[in-house]
Every structure is written in structure tokens, then in C-alpha cells.
Amino acid sequence: MNSMNARYFDVDNYLITAKDIRGPWSKPIYLHSSGFDASILHDDDGRKWIVSLEWETREGYEKPGAICIVEYSPDQKEIIGYPKRIWNGGTDRGCIEAPHLTKKNGVYYLMCAEGGTGYNHCVTMARAKNVLGPYEGDPANPIVTSVPGYSNERQDPDHLKTRYFNPDSELQKSGHGSYVELPGGEVYLVHIAARPFVPELRCTLGRETAIQKMKWTEDGWLRMADGGCLAKVHVPEPSLPECPLPASPVFDDFDAETLGNFYYAPRIMPGCFADVKVRPGYVRIRGQESRTSLNKVSILARKLTSTHARITTKMEFLPEVHQHSAGLILYYDNMNYINLRKYHSDTLGRNALSIIHLENGSKTELLNTRIPVEDVPLYLRLS
């Protein structure tokens with residue numbers, strides 16, 4: 001997404017292919033720029049269809065838009081014609097997005113997210129005999145949510161809607177799902193959710209992934225296995241063999257040939273500024289723009305998976321001017337973070353440690369935390 005100015009949401013959609021999931025992958029093939037959340041259906045007749053949200057910018061039209069479809073030509077490597085609107089939602093929660101198109105027993109099923117990605121979020125379904133429609137909604141919509149019941153929010157494009165917080169649900173903001181049928185016939189659905197702190201309703205861990213057990217009804221609709229629609233914290237395991245996967249290491253001394261793929265950086269690949277080869281046993285981070293930047297910021301990050309954690313790092317750094325700083329950061333986004341940093345203090349006339357706090361873009365330098373330090377390796381810790 002290149003811009004959010006004036007609701008234009010400039011965003012391009014691409015298709016990338018590979019014969020093996022491990023690659024090599026093709027160069028991106030441009031599809032269109034009419035919206036987002038594009039998803040593909042490989043139909044059993046060989047035709048391919050792209051569904052997405054068509055982003056609405058016009059006055060007097062429901063926002064954010066409607067679900068659209070367009071055929072894709074693998075021979076021409078482009079879409080055929082323009083996206084056509086096919087569905088406005090299976091509820092009145094509004095803010096429809098995230099379409100996934102599948103086919104079962106000759107019927108096309110359209111799974112969407114509605115209500116926005118906030119507290120009124122949900123998963124809905126529709127179906128049709130023709131891929132272009134008309135589509136009928138599941139009479140039980142929504143099929144998965146954190147807040148069951150009816151609501152009409154079509155005229156409110158705001159996604160957060162904290163008034164729909166459900167104190168009876170451990171999982172909040174449940175929606176935006178995708179399902180899979182297992183070889184034994186079992187059906188599971190994965191969706192996004194969040195676990196906010198109360199009463200602030202702040203989801204510090206961001207979006208998380210949850211899973212629900214599902215079933216097909218005799219009349220051909222997808223339902224939660226228990227017959228309800230409230231997202232569950234615990235569900236029965238599938239009858240699949242164990243599939244052990246390597247866990248991300250708790251400790252990393254940076255002695256591998258490459259940087260671990262469990263590291264992230266905002267909007268760019270961390271390998272463009274973090275090097276583990278130049279000095280074995282260390283990662284060398286090259287500074288770029290400020291930590292508030294939306295372009296090139298040298299933040300080597302790992303995702304928190306628990307609200308309780310202790311992070312320790314050893315750092316060697318010799319700042320020479322006040323613009324030089326490095327350290328340990330608790331980062332939510334470029335407008336919200338807490339940064340323990342070493343920098344050159346003109347006030348003290350030497351290098352020092354201090355804490356900077358950003359909240360909604362407002363910066364506070366906690367000067368009472370400022371202490372001079374020697375130019376020796378430092379251990380920094382965050383609890």
C-alpha cells in the first residue's frame with residue numbers, strides 16, 4: 001500500500017508462481033490496482049479466477065467496497081477485462097474484505113471477512129452455482145466471530161468498533177478465515193484474532209492466528225463443529241500424524257552463515273542492514289533512518305509470542321555524535337515504541353544510556369534515566 005491519503009489506498013496486486021513451494025519463484029506478474037486481499041481459484045475446467053475487495057473511493061457508496069472477481073489468463077499472464085462486483089456481504093456488519101473462493105461438489109463457496117478487523121470482526125460464507133453468481137448468503141452468518149448476534153454497521157467504515165468488545169470471549173476480533181479439508185474428511189478453519197489487555201483494549205501482541213474445528217451440514221453449509229459461531233480457545237485435535245517442526249531458538253549467538261529467518265524488519269528485509277558474516281559470533285547492524293521512518297529503518301526484530309518475556313542482548317557500539325544511537329527497542333510500530341539506547345550526549349559530554357518513549361507519535365525523552373557509560377560491551381535487558 002503506497003498511500004492512504006484521501007482514501008485512495010494505492011495498492012498493486014501481483015501473482016508469483018513456482019513449481020515447488022521452496023522455489024525458485026517467478027518474477028511478479030501484475031494483476032490490477034482496484035483493491036486488495038486478492039485470492040485465486042484454480043477451477044476444475046482449467047480456468048483461473050481472482051477475487052478481491054474492490055476499494056471504494058466515491059461519495060455516496062458503501063465503504064470500504066464490494067467483493068469483485070476477474071478471470072486470469074495464465075497464457076497471456078494478465079487478467080481478462082475488469083474486476084466485476086459480485087457480493088456485498090452476508091451480514092450488515094459492513095467493511096467486507098478478505099474473499100477466498102473454493103469449489104465443492106460443483107458449488108462455488110465465497111468466504112469473506114466482515115465487520116472490519118476490529119471488535120465486530122467475523123467470517124461469513126456465500127455460495128453460487130455459477131462462479132460469477134448470483135451468490136446466496138449462509139442463513140446462519142456469521143459462521144465464526146467473537147461477538148455473535150446481529151448488528152448493522154454498513155454506514156460506519158471505521159474498523160475498530162470497541163463497543164463490540166465481548167467480555168465473555170477470550171479471543172477478540174475473530175475473523176478473516178480460510179479453511180482446509182483433511183484427507184480423513186475433517187475440516188479446520190484458521191482465522192485471525194487478538195487478545196487485548198482490559199480495560200485498555202490494546203492488543204499489544206497484534207494479530208494472532210487461531211484455529212477452529214468445522215463441519216459441513218447436510219444442506220451444504222460450513223459450520224463450527226459445536227454448532228455455534230463463537231470462536232473457541234480449545235478445539236479437538238485432528239487425526240493427523242505428528243509433524244515436528246524446529247522451534248525458533250531462545251538464544252542466538254549469531255555464529256550461523258545466515259541470519260535466522262525468525263528475524264524481521266519493518267517493510268524491508270533485515271539482510272540489507274544486518275550482517276552475520278563480517279564478524280563471526282556477532283551481528284553487525286548498519287544504521288539508516290530514524291526509528292519512526294516508513295522506509296529504511298535498521299530494526300532487527302523478533303515477534304513476541306507472550307505478554308510476559310525477558311530479552312537480553314550484548315552490544316558493542318561507539319557513538320560519535322548525538323545522531324548516533326543503538327540499543328534495545330520494544331517496537332509496536334513507527335509511532336509507538338520504547339527504546340533503551342546508547343548515544344552521544346552533548347549535555348554530559350560523553351556517551352550515555354537513556355530511554356525514549358513514543359506514544360501515537362508523541363515523543364518523550366526520559367531524561368531522568370540518562371546515565372553516562374564507558375565504551376565497553378554493554379548488556380541491555382527488557383522485562
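Guide: Two strands pair if DSSP finds at least two bridges between them; strands are DSSP runs of E with at least two residues, numbered from the N terminus. The model here is predicted, with local features needing pLDDT of at least 70, side-chain atom pairs counting only at 80 or more, and totals for chains, interfaces and linings using all residues. Residues are numbered from 1 along each chain as its sequence is written, and side-chain values use heavy atoms, without hydrogens and water.

Visitor: Great, so in what order do the strands of the open sheet run?

Guide: The order is β12-β13-β14-β15, 4 strands with antiparallel pairing.

Visitor: And which ones are the edge strands?

Guide: Those are β12, residues 172-181, and β15, residues 222-224, each pairing on one side only.

Visitor: By how much are neighbouring strands turned against each other?

Guide: On average by 40°, with direction ignored. The axes behind that are lines fitted to C-alpha atoms.

Visitor: Over how many bridges do β13 and β14 pair?

Guide: Strand β13, residues 187-194, pairs with β14 over 7 bridges in the antiparallel sense. One pair to look up is Val 187, whose bridge partner in β14 is Met 214.

Visitor: What is the partner of Met 214 in β15?

Guide: That would be Met 224. So Met 214 of β14 has Val 187 as a partner and Met 224 as another.

Visitor: How many bridges join β14 to β15?

Guide: There are 3, between antiparallel strands, and β14 covers residues 208-216. You can also find Lys 215 standing opposite Arg 223 of β15.

Visitor: Which residue takes a positive phi in the hairpin of β14 and β15?

Guide: Gly 220 does, at a phi near 85°. That hairpin has 5 residues between its strands.

Visitor: Changing topic: where is Val 283?

Guide: Val 283 is in the loop between β16 (274-275) and β17 (284-285).

Visitor: And what does Val 283 touch?

Guide: Leaving out residues up to four places away in sequence, Val 283 touches Phe 254, Leu 259, Ala 274, Asp 275, Val 276 and Leu 300. Contact here means heavy atoms within 4.5 Å.

Visitor: How far apart are Val 283 and Asp 252?

Guide: Their C-alpha atoms are 10.0 Å apart in space, while 31 residues separate the two in sequence.

Note on methods. Axes fitted to C-alpha atoms, helices over the stretch in contact; angles between N-to-C directions.
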